[in-house]
Amino acid sequence: MEKIRIAVRKFDPFESTLQKLWDAFCLQNNIKMEAEMIPLELHDLYETTISEKGLKEGKWDIAHINTDWIFDAVNENAVLNLFSLIGENPPENYPFGWHKSLLHLQKLSNGIYGLPFHDGPECLIYRKDLFENETEKENFKNQFGYELSTPKTWQEFAEIATFFNRPEQNLYGAVFANYPDGHNMVFDFCLQLWTRGGSLLNKKNQIDIHNEAAIKALEFYRKMVNDKNAVHPKSREFGSVEAGLAFAQGQAAMAINWFGFASMAEVIEESKVKGKIDITSLPSDPGYKTASLNVYWLYTIGSGSKHQKLAYVFLRFATTPESDKLLTTEGGIGCRKSTWKDEEINTLIPFYHKLEMLHENALTLPQTPIWPKVAELIDGAVLKAIETDISSEILLKETQEKISKLSQGTTLHSSVRN
């Protein structure tokens with residue numbers, strides 16, 4: 001029996017949502033075809049869809065592709081241009097049903113190469129039950145001399161993490177995702193850079209991470225994640241999913257992670273912190289603005305798929321307001337404005353409406369075909385910083401030299417905002 005094959009980002013809420021959506025789609029449209037959904041970790045997903053030409057050669061009909069990779073996917077002719085399909089039969093309330101920040105990264109060379117699937121910019125997730133506890137507030141002020149509240153500066157973040165670090169209670173001040181997969185530590189580095197007034201780009205619009213703000217960013221980050229008196233000891237082993245689950249298990253007072261993991265901690269059965277969490281903007285160095293990072297997931301169709309028309313009809317179904325809300329109740333993050341403002345969702349997840357605020361401060365990564373390789377280089381530099389005593393200045397200088405070699409002859413897409 002012929003099947004439609006879907007490459008899914010491995011994450012329980014994604015997997016359960018996709019299966020429920022496909023079953024409902026088939027029932028509604030009297031379709032007998034089965035869907036073979038393969039959950040894949042980040043590296044494996046990129047490899048099979050883009051590097052190994054799985055989308056281009058028809059191995060995959062539909063794939064979750066994140067916006068870090070979409071320029072690369074388009075450059076490799078891996079994903080179908082949806083422009084004409086959207087023009088003929090647009091998704092419900094397209095484009096007005098989505099925030100503009102969720103529509104521009106997939107628009108390249110006058111084409112549209114995906115529909116928003118899952119979102120949730122980076123934010124500070126924290127245990128409000130701890131921060132609002134009168135005894136904790138009194139003890140904190142006695143120890144540090146100022147009122148306990150969500151940290152506005154990175155210095156406050158470090159002090160609060162130290163205060164709440166209680167290994168004997170299986171509670172740690174903060175949890176990070178330090179597994180070297182080319183993503184988590186890269187994102188953390190970018191956030192540290194941006195909240196110190198830095199940028200990934202120089203005045204010539206070239207990637208440049210050898211500067212004073214970058215050195216300060218890396219120096220703080222390596223010191224922070226290595227602080228055994230403040231940080232979850234398994235952070236080195238954690239990707240963003242594992243860090244999110246640790247927070248949901250009540251093992252950390254704070255986490256810098258995707259909004260989706262705050263939402264997940266409110267809806268999954270095994271969460272021990274339901275009703276006890278909130279989110280806010282990230283800290284920044286004095287005199288500089290907060291920042292967030294907007295990397296979101298797309299539904300894409302393989303350029304080599306034999307089922308392109310069916311795949312698009314399913315994508316329309318999978319992005320309706322009802323489907324978007326289902327993703328949220330399963331533990332993912334819906335992308336539609338209607339979900340963000342939904343009364344039932346905001347009763348279930350009281351901070352859900354704050355997504356719009358995060359998007360207003362959200363920056364994006366450079367759109368260039370070399371970005372995945374640049375990300376690997378930055379990831380390696382951050383890992384070396386954590387594991388060795390090599391100075392941050394030398395690490396960034398060496399990494400920049402490698403980036404400059406990669407950059408020769410490449411250009412950035414005009415939508416870069418960082």
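Select β9, residues 252-258. This strand of the predicted model is mostly covered, with seven of its seven residues buried.

**Neighbours of β9**

Add β7, residues 122-127, to the selection. β7 and β9 run antiparallel and are joined by five bridges. For one of these pairings, pick Tyr-126, whose bridge partner in β9 is Met-254.

Next add β8, residues 172-175. β8 and β9 run parallel, and three bridges join them. Label Val-175 here: Ala-255 in β9 stands opposite Val-175. When the side chains are switched on, keep in mind that in a regular strand they alternate between the two faces of the sheet.

**The second largest cavity**

Keep Val-175 selected, as Val-175 is one of the residues lining the second largest cavity. This cavity holds about 90 Å³ of space. Which residues line the second largest cavity? Select Glu-122, Val-175, Phe-176, Ala-177, Asn-184, Phe-187, Asp-188, Ser-240, Ala-243, Ile-256, Asn-257 and Trp-258. The elements that contribute two or more residues to this lining are α8, α10 and β9. Coloured by class, the lining of the second largest cavity shows seven nonpolar, three polar and two charged residues.

**The largest cavity**

Altogether the structure holds six cavities of 30 Å³ or more. The largest cavity has a volume of about 270 Å³. Its lining consists of 21 residues, and those closest to the centre are His-118, Ser-240, Trp-258, Phe-261 and Trp-297. Select these five residues to centre the view on the largest cavity.

Then show α8 (184-194), α10 (240-248) and α11 (259-267) as ribbons; these are the elements that give two or more residues to the lining of the largest cavity. Ten residues of this lining are nonpolar, nine are polar and two are charged.

Two names from this stop also belong to the previous one: Ser-240 and Trp-258 are in the lining of the second largest cavity as well as among the residues closest to the centre of the largest cavity.

**The largest pocket**

Stay with α10 and α11, and add α1 (12-29), α2 (42-51) and α13 (321-330). These five elements each give two or more residues to the lining of the largest pocket. The volume of the largest pocket is about 500 Å³. Which residues lie closest to the centre of the largest pocket? Of the 27 residues in the lining, they are Lys-10, Phe-11, Asp-12, Val-241 and Leu-245. By class, the lining of the largest pocket divides into ten nonpolar, six polar and eleven charged residues.

**The second largest pocket**

Keep α2 on screen and add α17, residues 371-387. Both elements give two or more residues to the lining of the second largest pocket. The largest share of that lining, five residues, comes from α17. The second largest pocket contains about 300 Å³ of space. Its lining has 17 residues, with Tyr-46, Trp-69, Pro-372, Lys-373 and Glu-376 nearest the centre. Eight residues of this lining are nonpolar, three are polar and six are charged.

**The nonpolar core**

Now hide the pocket surfaces and select Phe-189 and Phe-314. Of the 146 residues in the largest nonpolar core, these two touch the most other members. In soluble globular proteins, nonpolar side chains tend to be buried together.

Zoom in on Phe-189 and show its contacts. Leaving aside residues up to four places away in sequence, Phe-189 touches Ile-209, Ala-214, Ala-217, Leu-218, Ile-378, Val-382 and Leu-396.

**Backbone details in two loops**

Move to the loop between α4 (83-88) and β4 (107-108), where Pro-95 is found. The peptide bond from Tyr-94 to Pro-95 is cis, with omega near 0°. Asn-93 lies in this loop between α4 and β4 too. Phi of Asn-93 is near 55°, a positive value in a residue other than glycine. Is Asn-93 buried, partly exposed or exposed? Its relative accessibility is 45%, so Asn-93 counts as partly exposed, since the partly exposed class lies between 20% and 50%.

The last selection is Asn-170, in the loop between α7 (154-163) and β8. Asn-170 likewise has a positive phi, near 55°, and is a residue other than glycine. Asn-170 counts as partly exposed because its relative accessibility is 39%.

Terms used. Residues numbered from 1 in each chain as written. Predicted model: local features only at pLDDT ≥ 70, side-chain atom pairs only at ≥ 80, totals over all residues. Heavy atoms only, no water. 1 Å grid on protein atoms, 1.4 Å probe; cavity = no way out; pocket = protein on both sides within 12 Å on 5 of 7 lines; lining within 4 Å. Points joined across faces, edges and corners; volume = space filled by probe spheres on them. Helix = DSSP H or I, 4+ residues; strand = E, 2+ residues; numbered from the N terminus. Nonpolar A, V, L, I, M, F, W, Y, C, P; charged D, E, K, R; others polar. Buried < 20%, exposed > 50% of the residue type's maximum accessible area, 1.4 Å probe, protein only. Core = buried A, V, L, I, M, F, W, Y, C linked by side-chain atoms within 4.5 Å. Contact = heavy atoms within 4.5 Å. Pairing = 2+ DSSP bridges.
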